[in-house]
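Visitor: I am new to this structure and would like a close look at a single part of it. Could you take one helix and follow it through its surroundings, step by step?

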Amino acid sequence: MDTSRRSLFKGLAAAATLSVIPATAAAREKRLAPSDAVGMLYDTTRCIGCRACTVACKEANKLKADVDGYGAGLYDAPEGLNEYTKTVIQLHRDDTTSSFVKKQCMHCIDPACVGACMLSALKKGPFGVVSYDPDKCVGCRYCEVACPFNVPKFQWSNTTPKIVKCELCRDRLAEGKEPACTEVCPRQAVIYGNYADLLNEARGRLAASPNKYIPKIYGEHELGGTQVLYLSHVPFEELGFRFSDTQAVPHTQQTIQHGVYKGFAAPVALYALLGAVMFRNRGAKGERDE
Amino acid sequence: MSERDDAKPAGGPLLTRGYLILLALSALGVVLILWRFIVGLGVATAMNDGYPLGLWITLDVVTGTALACGGYALALLVYIFNRGKYHPLVRPAILTSALGYTMAGLSVAIDLGRPWNMWKIPLFFRDWNLNSALLEVALCIMAYVFVLWVELSPALIAKTRYAERVTPFLDKALLWVIALGMLLPTMHQSSLGALMLLAGPRLHPLWNTPLLPLLFLMTCVAMGYAMVVFEAIFSSRFFRRPSHTAMLYTLQKFAAWGGMVFVVVRFVDLAVRGRLALVGQLDLYGVMFGIETLLWVLPAVLASRTHANDPGRLFRGAMCTAIAGGLYRFDTFLVAFQPGPGWHYFPSVPELFISAGLISIELAAFIALVKWFPILGGIRSET
């Protein structure tokens, strides 16, 4: 076996190694909610669509009015989450069912946006809140690509834009208060609390009135679990929750990433291999024909 | 690197009519880029919260860097598989790569919402999120731009008074720089694929596969060879250089067979994961997948029948491979990305002209550099 043929096999071996590692890498462990996790529980059967939560959120977070929607120029009437709106009440209605639904960041237990963010501008902070630090944000918007709930929004109309998303009023939590939206809700349709307590509360409501609800707590298992939980009397897909898989979004990518880059060994090995093969070839001056 | 000493500046007048058109497009692009920073991304582009990544990232970065993988693909061939006879093609390929990657970096800076924080990416290492595929892409591309210009530096300093002092040092160090120039694209081109793994459930199942990193790596090598062929034919026509047709024929064969392997891997993967039924569907996704597959297979058909003296066929094959790879990347980042009902994206006119401007700058720089510096091989007989 001559030098160049041997180097060819070496190269192939290196390539094969790199591509096989992901397949054999140990699957990434499932993340659990932090012990101090807090969250919200929203119940469609209690919501009357008064939008007090939306208004309170805008006040607490000093967000501008969104006057582009209904009655243009007259009302702060956001149609969905956007750069001015961190929480919104939407209406789902068809021939047989009707329901309001509140949207805001789900505060995933294993968030895709946090996995995406280069400098951890988005990270799981105290109480498991997914928080945002604009000083570390370059505005790449990869969090928007990653989030399965279309939550992070970008200030498109701003020349010094930031990401806009619900941070569970973390400044209020630090003062011992609850989020603005849960505080003002007149029907306790959305409540704030310890994550474990909220799960129990939701289970209790399901058990107490099984005919009232779809038999599922959305967010208990979906996409690895979310710290905002939902009870609903209409199917969750109809409220815009597209996904019911239980695997967290970052699972596959991070299993591969960790497999290939574990301890940075594979890249270093490949670099050494490339250098070594080149060093050998340098003397050979191979002018071989194909 | 001494065997490249036969490379010579192409010379000739720079400001031809075609070149002035390139400069005009470049100038328009620069003006629009300045305007984009004044009015913001919302006004300048059609991007939105559903499609937060648009033409610039998909074309100039994701596709552009893959097309700029000629230097990488050729370096693998010359230095790892020890095919020294391809050496005359290396320097122009490195130049194409250096320009392509530099432009990609520039378009990222234009695309970022908060580019003034960009310098923090390499320096704030305590905040590095090692889970982020994008961080890896960003760091690797920054490093690779630097590596490419170092690889090219012998050509750029050859005529200067620094040449004597720097060249011996470069000759020694260059081996490890070139090795780095092969490691970095292996890493970031595969990670470009890993980026869309995080779009996970919102990526159409025909494109969403754990093999994305591997598929992106394979396509960038095929696209790299195709671009070397394309660039060499272009140079031989416009700068009257020897055309190396026999070598290009072999390179395009690599590209074509690389494409075939890609198609096979893709189909096996779909079959294993029970998604093959999606291929035959006549919706947008099934059709795009079909076009991609056709474009990957076509070069193999063209290559298997090509005669060494048919540069037209060679050219068409290379174009096919480049377009196939580009389409695969466009599909993965835009077409197959499903942010949900109500979201639409088609690039705005300024977006299109900024991309056109960046490509014009790249082309204009290429032409100027090969005319002034010893990049292209001189009159060298075919082997």
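Guide: In this predicted model, α4(B) and α9(B) stand roughly perpendicular to each other, because their axes cross at roughly 100° and angles of 65 to 115 degrees are counted in that way. The axes of α4(B) and α9(B) come within 7 Å, and the residues that meet there are B:G70, B:Y72, B:A73 and B:L74 from α4(B), with B:V221, B:G224, B:Y225, B:M227, B:V228 and B:E231 from α9(B). Sorted by character, the residues of this contact of α4(B) with α9(B) comprise seven nonpolar, two polar and one charged.

The helix α4(B) also meets α8(B), and here the two axes come within 9 Å and cross at roughly 125°. That angle makes α4(B) oblique to α8(B), since it lies outside the 65 to 115 degrees that count as roughly perpendicular and is not over 145, where roughly antiparallel begins. The crossing of α4(B) and α8(B) is left-handed. On the side of α4(B), the contact is made by B:G71, B:Y72, B:A75, B:L76 and B:Y79, while α8(B) brings B:I178, B:G181, B:M182 and B:P185. The residues of the contact of α4(B) with α8(B) divide into seven nonpolar and two polar, with no charged residue. One residue of α4(B), B:Y72, appears in the contact with α9(B) and also in the contact with α8(B). As background to both pairs, two packed helices are described by the angle between their axes and by the distance between the axes.

From here the view can be widened to the place where the two chains touch, a contact that takes 54 residues from chain B and 60 residues from chain A. Among the helices of chain B that each supply at least two residues to the side touching chain A are α4 (70-80), α8 (163-195) and α9 (212-238), and α2 (41-44), α6 (120-123) and α7 (133-157) do so as well. The helix that gives the most to this side of chain B is α8(B), with 10 residues. Taken by character, the residues of the side of chain B that touches chain A divide into 33 nonpolar, 14 polar and seven charged.

Note on methods: Residues are numbered from 1 along each chain as its sequence is written. Chains are lettered from A and ligands numbered from 1 in the order in which they are written. This is a predicted model: local features need pLDDT of at least 70, side-chain atom pairs count only at pLDDT 80 or more; totals for chains, interfaces and linings use all residues. Two residues are in contact if their C-beta atoms, placed from the backbone, lie within 7 Å. Helices (H or I, at least four residues) and strands (E, at least two) are DSSP runs, numbered from the N terminus. Ala, Val, Leu, Ile, Met, Phe, Trp, Tyr, Cys and Pro count as nonpolar, Asp, Glu, Lys and Arg as charged, and the others, Gly among them, as polar. Axes are lines fitted to C-alpha atoms, for helices over the stretch in contact, and angles run from 0 to 180 degrees between N-to-C directions. Angles under 35 degrees count as roughly parallel, over 145 as roughly antiparallel, 65 to 115 as roughly perpendicular and the rest as oblique. A crossing is left-handed if the near helix is turned anticlockwise from the far one by less than a right angle, and right-handed if clockwise.
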